[in-house]
Amino acid sequence: MLVHMSTAAQSCRSAPLHSVSVAGAVVREDGRVLAIRRADNGHWELPGGVLEIAESPEAGARREVLEETGIEVEVQRLTGVYKNMARGIVALVFRCAPVGGCERTSGESVDVSWMAPEEVTATMTEAYAVRLLDALSDDTPHVRIHDGRRLIPA
């Protein structure tokens with residue numbers, strides 16, 4: 001028996017309620033971490049973006065870091081999963097090591113900087129600073145929720 005879904009039933013489906021993004025917490029041997037100032041909102045964050053459908057999370061992290069900073073990385077490990085409760089975005093953050101390339105800005109970044117951990121907390125909102133700080137810890141991966149600026153207690 002062949003069953004057809006009506007056009008009306010198909011149109012009742014809603015768009016996905018979540019999107020998945022990836023970010024690279026790139027850590028140099030001297031402990032400095034890579035950050036970008038985003039072109040769209042001027043905020044300092046980790047390089048990252050939306051994971052493409054046919055892309056592995058690790059490949060997405062490598063691609064996003066390279067596109068936004070010019071730095072080639074080796075993905076080492078997952079350090080955290082972060083959900084923006086206001087926007088429905090789930091971010092996978094990977095600790096990475098730089099292996100090549102040269103710092104440069106892009107259409108998505110107006111500044112690229114290697115920051116000391118104390119600079120991270122001074123320049124980034126809590127929801128984004130914690131991603132880099134979590135990547136520096138050994139007790140990972142972390143799972144956190146936030147509202148886009150501040151962490152929400154579990």
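This is a guided tour of a predicted model, going from the whole chain to its two sheets, one buried serine and the largest pocket.

**Before selecting anything**

Residues are numbered from 1 along each chain as its sequence is written, and side-chain values use heavy atoms, with hydrogens and water left out. Since the model is predicted, local features need pLDDT of at least 70 and side-chain atom pairs count only at pLDDT 80 or more, while totals for chains, interfaces and linings use all residues.

**The whole chain**

Show the protein chain as a cartoon, and 4 helices and 9 strands appear; helices (H or I, at least four residues) and strands (E, at least two) are DSSP runs, numbered from the N terminus. Read along the sequence, these elements follow the pattern α-β-β-β-β-α-β-β-β-α-α-β-β. Of the 154 residues in the chain, 40% are buried, where buried means under 20% relative accessible area, exposed over 50%, and partly exposed in between (1.4 Å probe, protein chains only). Among contacts with a separation of 6 or more, 65% are between residues 24 or more positions apart, a contact being heavy atoms within 4.5 Å.

**The sheet of 6 strands**

Select β4, β1, β6, β5, β8 and β9, which in that order form an open sheet with mixed pairing; two strands pair if DSSP finds at least two bridges between them. The edge strands here are β4 and β9 (residues 151–152), each of which pairs on one side only.

Begin with β1 (residues 19–26), a mostly covered strand in which 6 of the 8 residues are buried. On one side, β1 runs antiparallel to β4 (residues 48–50) and is joined to it by 3 bridges, with A23 having G48 as its bridge partner in β4. β1 also pairs with β6 (residues 89–101), this time in the parallel sense and over 8 bridges, and V22 can be picked out opposite L92 of β6.

Move next to β5 (residues 71–84), which is antiparallel to β6 and joined to it by 12 bridges. Two positions to label along this pairing are V73, opposite P98 in β6, and E72, opposite G100 in β6. The two strands form a hairpin with 4 residues between them, and G88 in the turn has a positive phi of about 70°. β5 also pairs in the parallel sense with β8 (residues 142–146), over 5 bridges, and here V81 has V143 as its bridge partner.

Now add the helix α2, which lies across β1, β4, β5 and β6 and runs at about 110° to β5. α4 packs on the sheet as well, touching β1, β5, β6, β8 and β9, and its direction makes about 125° with that of β5. For these angles, axes are lines fitted to C-alpha atoms, for helices over the stretch in contact, and the values run from 0 to 180 degrees between N-to-C directions.

**The sheet of 3 strands**

Select β3, β2 and β7, which form an open antiparallel sheet in that order. β3 and β7 (109–115) stand at the edges with a single partner strand each, so one side of each is left without a neighbour in the sheet. The pairing of β2 with β7 is antiparallel, over 6 bridges, and V33 has M115 as its bridge partner in β7. α2 also belongs in this view, as it lies across β2 and β7 and runs at about 65° to β2.

**A stop at S21**

Return to β1 and show S21, which is found in that strand. Is S21 buried or exposed? It is buried, with a relative accessible area of 12%. Leaving aside neighbours within four places in sequence, S21 is in contact with G49, V50, L51, I89, V90, A91 and L92.

**The largest pocket**

Finish by selecting R38, E45, R87, I89 and Y128, which lie nearest the centre of the largest pocket, among the 30 residues that line it. On a 1 Å grid over the protein atoms alone, a pocket is an open set of points where a 1.4 Å probe fits, with protein on both sides within 12 Å along at least five of seven lines, and lining residues have an atom within 4 Å of a point. About 590 Å³ of space lies in this pocket, a volume being the space filled by probe spheres set on the points, which are joined across faces, edges and corners.

Which elements each supply at least two residues of the lining? They are β1, β2 (33–38), β3 (44–45), β4, α2 (57–69), β5, β6 and α4 (126–136). The largest share, 4 residues, comes from β1. Coloured by type, the lining divides into 11 nonpolar, 10 polar and 9 charged residues, with Ala, Val, Leu, Ile, Met, Phe, Trp, Tyr, Cys and Pro counted as nonpolar, Asp, Glu, Lys and Arg as charged, and the others, Gly among them, as polar.
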